[in-house]
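Student: I have just opened this entry and would like some help in reading it. Could we go through it together?
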Amino acid sequence: MTPYLGCDTARALLDAVIDDEWAMADQVAVEAHLRWCRTCGARVEDMRLIGASLRVGAVRPPREPEEARAMIAVQAAVLTRIGAERDQSFGVWVRTAFEDMRLFWPALGASAALIACLCTAVGVLHAANGESDSMAGVMESTANASRIKTGWILEGVPEEEAVFALATMVTRGQRIADYRMLELERANVRRRDGSALTADVGGLLDAVRHSRFAPSEAPSDRAVAVDMVWLTSAPVSGSPPLPVPVPRRGRL
Amino acid sequence: MKNAGAISWSDVDSGEAALIARCAAGDEAACAELVATHQRMVYSLALNLLGDRDEALDISQEVFLRVFRTLSGFRGQSALRTWIYRIVINQVRNRQRWWRRRCRGDEVSLDEHLKHSGELEGKQDVLPDRLLASKETATYIWQALDRLPFDQRTALILREVDGLRYEEIAFSLDIAIGTVKSRLTRARQALRADLLGVRS
Ligand SMILES: [Zn+2]
């Protein structure tokens, strides 16, 4: 049996009927209603008339060939413009990226600062190794040199001799300004008790502290750093050291 | 209520997808093909919404520039045609806003329109009810259409002239399908009231 549909319900479905978008369930009921209700039937006819009128009015006689030419011009203009925009796209991309990346410049600055710091640190390390401007640098360099050279120097030292390696600073007055004990090899070979060893080291250091170097014989006035090895035999009694100069770059 | 965004990738066929990919990659021949395929449709819709050939040509150019600039963002959320419809409608809507701001308080066109309507009203005895879509009726309906709000007018044109389905109209206007139905109903009621006024 066909369900009864009142006018209000039917009207709510008429647009769907016109547009052919109605649900299948409504179809039979609406068609039945339209068979007997002239009011809704007239409404549907008017809506169809409106649709037909819109389609009729929308068909405008084309203005050829002006319109065709205009469309070709539009197409050409669009393609030219888009092509130009694509050519510039990299620049645009870069600009856009910079506009969007508000943190870009701070980040770039921070990165540059970090790189600068690393470079400076590497430079300082290099200077410490090569130039030895600071006292610590000089002493560290001397220490490294001493460690390398102690081995071959010891080859010529009798087994019963003690060997001390010191890093020192020599002032322009040719005096020892500072020293650091670097090596204490074979110090207990000859001495069997530690107290005697300590006394010998103290005596040696005392002698070193009171040593005075002869003025530089370097051809220029420029100061140079030297590695030297004192070879001295115990008991130490302030005997003059026997310098073995090893010229190094840098200055004192 | 079904939403406008519910149209799926299946609306884009493989040939269209390939054309879109070529355009996005900067293939000029593909871009020319895309314009040639849709230019008439764009121009006609713009002309129906604006009623001015020069404006419609101008809008066409803006539409295709917008299409190519945003094509990389097209995700097949609709058929390409429906997506282009949406761009046309947005461009026309923006232009109408600008036009209305510029012409605020200008009553000349409305006076002209009423005068023209009056002429038609005098001819109501020669407007046969049974003659579907006579030229006079069409002229009158189009004039009545111009008085409707933009979304009602556009929804009705998309449905009756361009033959879009509800879900395509919903996507083009970026509204829900239920809203499409109510706008179509209101637009038809308003036009029918005008028509009944002419007849009586
Ligand atoms: Zn009824």
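Student: Let us begin with charged pairs. How many salt bridges are there over all chains?
Tutor: This is a predicted model, and a search of the whole structure finds 20 salt bridges over all chains. One pair, Arg165(B) and Glu21(A), joins two chains, because Arg165(B) lies in the loop between α7 and α8 (166-173) of chain B and Glu21(A) in the loop between α1 (7-18) and α2 (24-36) of chain A. The closest N and O atoms of Arg165(B) and Glu21(A) are 3.7 Å apart.

Student: Is Arg165(B) buried or exposed?
Tutor: Arg165(B) counts as partly exposed, at 43% relative accessibility.

Student: What about Arg95(B), which residue does it pair with?
Tutor: Arg95(B) forms a salt bridge with Glu55(B), with 3.6 Å between the closest N and O atoms. Arg95(B) belongs to helix α4 (residues 80-102) of chain B and Glu55(B) to helix α3 of chain B, so the pair ties together parts that are 40 residues apart in sequence. Arg95(B) is buried, at 17% relative accessibility, whereas Glu55(B) is partly exposed, at 25%.

Student: And which residue pairs with Asp151(B)?
Tutor: Asp151(B) forms a salt bridge with Arg183(B), and their closest N and O atoms are 2.6 Å apart. Asp151(B) is in helix α7 of chain B and Arg183(B) in helix α9 of chain B, so this pair ties together parts that are 32 residues apart in sequence. Asp151(B) counts as buried, at 16% relative accessibility, while Arg183(B) counts as partly exposed, at 21%.

Student: How much of α7(B) is buried?
Tutor: In α7(B), 11 of the 11 residues are buried, so this helix is largely enclosed by the rest of the structure. Among them are Thr154(B), Ile157(B) and Leu158(B).

Student: Which residues does Leu45(B) touch, apart from its neighbours within four places in sequence?
Tutor: Leu45(B) is in contact with Tyr85(B), Val88(B), Ile89(B), Ile157(B), Leu158(B) and Asp162(B). Leu45(B) sits in helix α2 of chain B and counts as buried, at 0% relative accessibility. Its C-alpha atom is 9.2 Å from that of Thr154(B), a residue 109 places away along the chain.

Student: Now the interface. How many residues does each chain bring to the contact?
Tutor: Chain B brings 44 residues and chain A brings 37. The area buried between the two chains is about 3900 Å², with carbon and sulfur atoms giving 58% of it. Arg53(B), Glu160(B) and Arg192(B) supply 17% of the area that chain B buries against chain A, more than any other three residues.

Student: How many salt bridges cross that interface?
Tutor: The rule finds nine salt bridges between chain B and chain A. There is also a network of salt bridges linking Asp15(A), Asp19(A), Arg55(A), Arg159(B), Glu160(B) and Arg188(B).

Student: One last topic, the metal. Which residues are the donors of the zinc ion?
Tutor: The protein donors are Cys7(A) (SG), His33(A) (NE2), Cys37(A) (SG) and Cys40(A) (SG), at 2.1 to 2.3 Å from the zinc ion. Along the chain, the donors follow the spacing C-x25-H-x3-C-x2-C.

Student: Why is the arrangement called tetrahedral?
Tutor: The arrangement is tetrahedral because the four donor atoms subtend angles of 97 to 123° around the zinc ion. Of these donors, His33(A) is buried, with a relative accessible area of 1%, and Cys37(A) is buried, with 5%.

Terms used: Residues are numbered from 1 along each chain as its sequence is written. Chains are lettered from A and ligands numbered from 1 in the order in which they are written. This is a predicted model: local features need pLDDT of at least 70, side-chain atom pairs count only at pLDDT 80 or more; totals for chains, interfaces and linings use all residues. Side-chain values use heavy atoms; hydrogens and water are left out. Donors are N, O and S atoms within 2.8 Å of the metal (3.2 Å for Na, K and Ca); water is not among the atoms, so sites may look incomplete. Four donors count as tetrahedral if all angles lie between 85 and 135 degrees; four count as square planar and six as octahedral if opposite donors are over 155 degrees apart and all others between 65 and 115; anything else is irregular. Buried means under 20% relative accessible area, exposed over 50%, partly exposed in between (1.4 Å probe, protein chains only). Contact means heavy atoms within 4.5 Å. Buried area is the accessible area (1.4 Å probe) that two parts lose on being put together, summed over both. A salt bridge is a side-chain nitrogen of Lys or Arg within 4 Å of a carboxyl oxygen of Asp or Glu. Helices (H or I, at least four residues) and strands (E, at least two) are DSSP runs, numbered from the N terminus.
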